[in-house]
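Walk through this chain with me, one region at a time. Keep the backbone and the side chains in view as you read.

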Amino acid sequence: MRILLLCSSFNGLTQRAWLELRRAGHDVSVELAVSEHAMAEAAELAKPDLIICPFLKERVPEALWRGHRTVIIHPGPPGDRGPSSLDWAIAEGEREWGVTALQAVEEMDAGPLWGWRTFPLPSEPPRKSALYNGPVADAAVELVAEVAVKAADPLFAPVPLDYRSPGVTGRLRRPMRHADREFSWEQPAEEIVRVVRAADGSPGGRARLCELPVRVFDAHRGPELAGTPGAVAARREGAVLVHAGQGTVWVGHLRPEEGGVKLPATMVLGERLAGVGERAGYSEITYERGEDVGVVSFDFYNGAMSTDQCRRLAAALRYAAAQDTRVLVVRGGEVFSNGIHLNVIEAARHPELEAWMNINAINAVCREIVACTSQLVVTSIAGNAGAGGVMMGLGADRVIVREPVVLNPHYRTMGLFGSEFWTYVLPRRVGAERALELTGRALPVGAAEAVELGLADRVAGGSRQEFERRVVEFAHRLAQDSSYEGLLAARRQAREADERRKPLDAYRAEELAEMSRDMFDDRNGFRAARRAFVGKVKAQATPPHLAGHRELSGASDPSVPITSHM
């Protein structure tokens, strides 16, 4: 079928829906809902058999839903209505939640039902963004596929919403207001964490900290310590430990209520933390050593890697590579990595200089992975990755991705040539022509497609915990395999041969020469793209790399232009 995806942004869920429908053989178009005129024009051009809205904040124009079958994917169980569904689900401690596919009608979220999925929620409150990108996205993608199948059935008719039906468990919920997101440090730590996580990653919990009105993000329960509620007890790796009415809370990120951007908490509080000491108990990077496998785990908020975080990760990798284990697993977190930290860069006194320091620091991380010849290296990608985060993972011997993962192996949309040794690791895996195609088109790649292309070696399913266990089990088998010594020798020989042919320093120098022109001369709009990303500026039109690829079915198209500096 011809299917139009109408969305507020081409976010992770929309990308997964796009990939799923294309793999099923559908002709899929994408249009950002920037205006009623743009939506109507997109429908006129695409002439869709079906419109699906996987992530849509705007109201569907009446002419559109009257003229085309239009299905909304709503992040709540049947009968749930309103724009703050996930916020309320977390804040009220719901034990079960769901996703519903419903037809667009005049009244929002009140149309007939095409299908739904339900799933349990953990007792520990999840971050809203983790819930959305995890169970909600998984259920939504299943529903998108189901809707496409049902739309092809001439006998299918959606079921009218009926609150008397036993399967309809939701209700109309009002939008969350600022007051609903406020908390006092006098409250118990568990209540504070729930309020913050119901608003994470946007718009954040509301409080005052060190006399500064702030939005609070990235909250975790801390140890039981006595102290004055609201007082900062300690700091660690950008986070601060704050006394609550009962217990303490680690706060990873803050945003000043009046202007400013979301940043590590210590950067926002600055001199207000004078005299506050370091304390263990919070770490973004860990190392676990088994008999023959070492695991370096890192979990950076939203996958952004600042200069300081990169330096710490590079040091951890150097330490792990020096151990006498046989396999090194490099394991990311909820988001594997999205490369350099644009918020920290934008907030710096000299953003271009900070960007330069950041790219050099992440290059050092990538070099530790690529140049490790004392062990075999496995990257464990359980969450999405983009730009330099993808390239960082490609330096390993084996790249294993979790089934729902989406990779964006490109830099073009941010106005950057890219670094992280991509001109070495990407062609080595997929070939020079495909490398230019992937970076030039700037389109997402699903896990199965990544294996087909050679970007990854294996796909594994299951929850994140199950996936991580399977990767470690694979690493143990690799370490004990009779071919291990031969594989390690082959890695060393290949690295030595590649170094003689063209040193890693040469790749780095060539990439940085291009990046210097992007960062300091701003030849491709990095400054504006960065500010738009950090400021969450709404797009004014569907980006050309999406609008220009409505006809793609996955085959190579040599007519697609590649940026001139590639």
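What follows is a tour of a predicted model, from a hairpin to a pocket, a helix residue and some unusual backbone geometry.

Start at the hairpin. Strand β9 covers residues 232–236, and strand β10 covers residues 239–243. The two run antiparallel and are joined by 4 bridges. One pairing to pick out is V232, whose bridge partner in β10 is V242. The hairpin leaves 2 residues between the strands. In that turn sits E237, with a positive phi of about 50 degrees.

Turn next to the second largest pocket. Its space comes to about 510 Å³. Three elements each give two or more residues to its lining: α1 (12–23), α5 (128–151) and α14 (447–453). The largest share comes from α1, with 5 residues. In total, 25 residues line this pocket. Nearest its centre lie E20, R23, E403, P404 and A447. What is the lining made of, by class? There are 10 charged residues, 9 nonpolar and 6 polar.

Now find helix α10, residues 351–370, which holds E352. Is E352 buried or exposed? The relative accessible area of E352 is 17%, so this residue counts as buried, the cut-off being under 20%. Which residues does E352 touch, leaving aside its neighbours within four places in sequence? The contacts are M519, F520, R527 and R530.

The backbone deserves its own look. Go to the loop between α6 (189–197) and β7 (205–209), where G201 lies. The peptide bond from D200 to G201 is cis, with omega near 5 degrees. P203 lies in the loop between α6 and β7 as well. The bond joining S202 and P203 is also a cis peptide bond, with omega about 5 degrees.

Two further residues have a positive phi without being glycine. N302 has a phi near 60 degrees. Look for N302 in the loop between β14 (293–298) and α8 (307–321). Its relative accessibility is 37%, so N302 counts as partly exposed. E420 has a positive phi of about 60 degrees. This residue lies in the loop between β19 (406–408) and α12 (422–430). With a relative accessible area of 2%, E420 is buried.

Set the two loop residues side by side to finish. N302 is partly exposed, whereas E420 is buried. Phi is positive in N302, and phi is positive in E420 too.

Methods. Residues are numbered from 1 along each chain as its sequence is written. This is a predicted model: local features need pLDDT of at least 70, side-chain atom pairs count only at pLDDT 80 or more; totals for chains, interfaces and linings use all residues. Side-chain values use heavy atoms; hydrogens and water are left out. Two strands pair if DSSP finds at least two bridges between them. On a 1 Å grid over the protein atoms alone, a cavity is a set of points where a 1.4 Å probe fits but cannot get out, and a pocket is an open set with protein on both sides within 12 Å along at least five of seven lines; lining residues have an atom within 4 Å of a point. Grid points are joined across faces, edges and corners, and a volume is the space filled by probe spheres set on the points. Ala, Val, Leu, Ile, Met, Phe, Trp, Tyr, Cys and Pro count as nonpolar, Asp, Glu, Lys and Arg as charged, and the others, Gly among them, as polar. Buried means under 20% relative accessible area, exposed over 50%, partly exposed in between (1.4 Å probe, protein chains only). Contact means heavy atoms within 4.5 Å.
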